[in-house]
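Hi everyone, thanks for having me. I'd like to walk you through one protein chain, a step at a time. Let's put it on the screen.

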Amino acid sequence: MLMNIFSIILNVVFFIVLNTQIYTDRAKMPTGEVREWRRSPVDRLNIADQSFLFYLQIAFAVVSIISAVLLLFGVRSSIVKKVQLITTIGSAVMFIIIMIMTSNANVKYS
């Protein structure tokens, strides 16, 4: 039961972090001025044309949350437990991959 609640909280935190503006992009414009943007990891994925990673993260999170809710409401199938564990791990791995990819993204404007 504790694992199910932890899984739900973890996926919600992942979604919040991925949509929080934590990066600052600076670029020198053709006019010579330096422009600055505040971006979230999702914004950086969209700019880098890697938005499929975010959709994969959402898919893992949705399946994980649904299976955790099913387990909380009393479904005691071993298949649901395995699916919940695998999708929670998959969601965590995708979150780490997204954070690594967005931290190394160098976006050029001009």
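Let's start with a single residue, D25. It has a relative accessible area of 6%, and since buried means under 20%, D25 counts as buried. Please keep in mind that what you see is a predicted model.

So who does D25 pair up with? One partner is R44, and this is a salt bridge whose closest N and O atoms are 2.3 Å apart. That pair links distant parts of the chain: D25 sits in strand β1, R44 sits in helix α2, and 19 residues separate them. R44 is buried as well, because its relative accessible area is 7%.

D25 also forms a salt bridge with R39, and here the closest N and O atoms are 3.0 Å apart. Again distant parts of the chain are linked, with R39 in strand β2 and D25 in strand β1, which spans residues 23-28; the two are 14 residues apart. Both D25 and R39 are buried.

How many salt bridges does a search of the whole structure find? The count is three. The one we haven't met yet joins R26 and E36, with 2.9 Å between the closest N and O atoms. R26 is in strand β1 and E36 is in strand β2, so this pair ties together parts that are ten residues apart in sequence. Is R26 buried or exposed? R26 is exposed, at a relative accessible area of 57%, while E36 is partly exposed, at 49%. As for D25, R39 and R44, salt bridges with shared partners join them into one network.

Now let's stay with R44 for a moment. R44 also lies over the face of Y23, at 4.3 Å from the ring centre. Y23 has plenty of company: leaving aside neighbours within four places in sequence, its contacts include W37, R38, R39, S40, P41 and R44, and further along M99, T102 and S103.

S40 is in that list, so let's visit it. S40 lies in the loop between β2, residues 34-39, and α2, residues 41-47. Its relative accessible area is 4%, so S40 is buried. Beyond its neighbours within four places in sequence, S40 touches L18, N19, T20, Q21, I22 and Y23.

On to the aromatic rings. Across the whole structure, a search finds three aromatic pairs. In one of them, F15 and F54 have ring centres 6.2 Å apart and planes at 25°, so the pair is stacked. F15 belongs to helix α1, residues 2-18, and F54 to helix α3, residues 52-72, so the pair ties together parts that are 39 residues apart in sequence. The two ends differ in exposure: F15 is partly exposed, with a relative accessible area of 45%, whereas F54 counts as buried at 11%.

F54 also pairs with Y55, and there the ring centres are 6.3 Å apart with the planes at 50°, so this pair is tilted. Y55 counts as exposed, at 53% relative accessibility. Put together, ring pairs link F15, F54 and Y55 into a cluster.

Next, the inside. In soluble globular proteins, nonpolar side chains tend to be buried together. Which residues make up the largest nonpolar core here? There are eleven: F14, L18, Y23, V42, L45, L53, F54, M94, F95, I98 and M99. The elements giving two or more residues to this core are α1, α2, α3 and α4, the last being residues 78-103. Helix α4 provides the largest share, four residues. You'll recognise Y23 and F54 from a minute ago, and both are among the members of this core.

Finally, let's zoom out. The secondary structure of the chain comes to four helices and two strands, and along the sequence the pattern reads α-β-β-α-α-α. The C-alpha atoms fill a box of roughly 65 × 20 × 15 Å along the principal axes. The radius of gyration is 18 Å, but a compact globule of 110 residues would have one near 13 Å. Buried residues make up 33% of the 110 residues. And of the contacts with a separation of 6 or more, 57% are between residues 24 or more positions apart.

Thanks for listening, and I'm happy to go back to any part of the picture.

Technical notes:
Residues are numbered from 1 along each chain as its sequence is written. This is a predicted model: local features need pLDDT of at least 70, side-chain atom pairs count only at pLDDT 80 or more; totals for chains, interfaces and linings use all residues. Side-chain values use heavy atoms; hydrogens and water are left out. Buried means under 20% relative accessible area, exposed over 50%, partly exposed in between (1.4 Å probe, protein chains only). Contact means heavy atoms within 4.5 Å. A salt bridge is a side-chain nitrogen of Lys or Arg within 4 Å of a carboxyl oxygen of Asp or Glu. Rings of Phe, Tyr and Trp (its six-membered ring) pair if their centres lie within 6.5 Å; planes under 30 degrees apart count as stacked, over 60 as edge-to-face and the rest as tilted. A charge sits over a ring if NZ of Lys or CZ of Arg is within 6 Å of the ring centre and within 35 degrees of the ring normal. A nonpolar core is a set of buried Ala, Val, Leu, Ile, Met, Phe, Trp, Tyr and Cys residues joined through side-chain atoms within 4.5 Å. The radius of gyration is taken over C-alpha atoms; the globule rule is 2.2 Å times the number of residues to the power 0.38.
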